[in-house]
Amino acid sequence: MASVNVYLTFNGNCREAFDFYKSVFGGEYPYIGTFGEMPPIEGKETPEEDKDKIMHVSLPISKETILMGSDTGGEWASHFKMGNNISISINAESKEEADRLFNGLSQGGQITMPMEDTFWGAYFGMFTDQFGINWMVNYDDPAKTQVHP
């Protein structure tokens, strides 16, 4: 069965926000990485002003819940809107479950990133559903996963 967590998007202050959340909830970051640490993507170079922004951070809140987040940058920055910067992140237990949930929930919505294999080893996609809710679907293939997004 899939797990569901909250994913927060920030406009350059993700590290500050997550350091604050960490001071309240406690715990440690299992992963925190910047856009500058990403492998190069053919035809796209990370702008200098985005290299220190957070590409992904996760903060476990309990055994069942992880608060996740990132900064926005580049072409995505124009879509940032305070108050619409929260997504529901689903972590599926199989690629088939990820496809089923993605295809079902995205019906009538707007796909922003189709399900595809990623550089961090996951099978991942994003969309806004027909009701305006932002979703992310992720499957961490144990044979491929390097870090959890």
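This report describes the domains, strands, selected residues and salt bridges of one predicted protein model.

Because the model is predicted, local features need pLDDT of at least 70 and side-chain atom pairs count only at pLDDT 80 or more, while totals for chains, interfaces and linings use all residues. Residues are numbered from 1 along each chain as its sequence is written, and side-chain values use heavy atoms, with hydrogens and water left out.

## Domains

The protein chain is divided into domain 1, residues 6-74, and domain 2, residues 88-140. These bounds come from an automatic or database domain assignment. Taken over C-alpha atoms, the centres of domain 1 and domain 2 are 19 Å apart.

## Strands 2, 3 and 4

Helices (H or I, at least four residues) and strands (E, at least two) are DSSP runs, numbered from the N terminus. Two strands are said to pair if DSSP finds at least two bridges between them.

Strand 3 covers residues 54-60. Burial is judged by relative accessible area: buried means under 20%, exposed over 50%, and partly exposed in between, with a 1.4 Å probe and protein chains only. Six of the seven residues of strand 3 are buried, so strand 3 is largely enclosed by the rest of the structure.

Strand 3 pairs with strand 2 (residues 31-34) in the antiparallel sense, over four bridges. Within this pairing, Thr 34 has Ile 54 of strand 3 as its bridge partner. Strand 3 also pairs with strand 4 in the antiparallel sense, again over four bridges. Here Leu 59 is matched with Leu 67 in strand 4. The connection from strand 3 to strand 4 is a hairpin through five residues.

Gly 69 belongs to strand 4, which spans residues 66-71. Gly 69 has a relative accessible area of 0% and is therefore buried. Contact means heavy atoms within 4.5 Å. Leaving aside neighbours within four places in sequence, the residues in contact with Gly 69 include Ile 54, Met 55, His 56 and Val 57, and also Tyr 7, Leu 8, Cys 14 and Phe 18. Gly 69 and Leu 59 are 10 residues apart in sequence, and their C-alpha atoms lie 8.8 Å apart in space.

## Strands 1, 5 and 8

Strand 5 (residues 86-92) has five of its seven residues buried, so strand 5 is largely enclosed by the rest of the structure. Strand 1 (residues 3-10) runs antiparallel to strand 5, and six bridges join them. Val 6 stands opposite Ile 88 of strand 5. Strand 5 is also joined by six bridges to strand 8 (residues 134-140), and these two run parallel. Ala 92 has Tyr 139 in strand 8 as its bridge partner.

Thr 9 lies in strand 1. Its relative accessibility is 18%, so Thr 9 counts as buried. Apart from neighbours within four places in sequence, Thr 9 is in contact with Ser 70, Thr 72, Phe 80 and Asn 85.

## Surface patch

Phe 20, Val 24, Phe 25 and Ile 61 make a nonpolar surface patch of about 400 Å². Patches are made of residues with over 30% relative accessible area and no salt bridge; like charges are joined within 9 Å, and nonpolar side chains (Val, Leu, Ile, Met, Phe, Trp, Tyr) within 5 Å. Accessible areas come from the Shrake-Rupley method with a 1.4 Å probe, and for residues only the protein chains shown count as cover. Ile 61 sits in the loop between strand 3 and strand 4. With 32% relative accessibility, Ile 61 counts as partly exposed.

## Salt bridges

Side chains of opposite charge can pair when their charged atoms come close. A salt bridge is a side-chain nitrogen of Lys or Arg within 4 Å of a carboxyl oxygen of Asp or Glu. A search of the whole structure finds three salt bridges, listed below.

| Lys | Acidic partner | N to O distance |
|---|---|---|
| Lys 22 | Glu 28 | 3.4 Å |
| Lys 51 | Glu 48 | 3.5 Å |
| Lys 53 | Asp 50 | 3.1 Å |

Lys 22 is partly exposed at 23% relative accessible area, whereas Glu 28 is exposed at 57%. Lys 51 is partly exposed at 27%, and its partner Glu 48 is exposed at 62%. Asp 50 is buried, with a relative accessible area of 6%, and Lys 53 is buried, with 18%.
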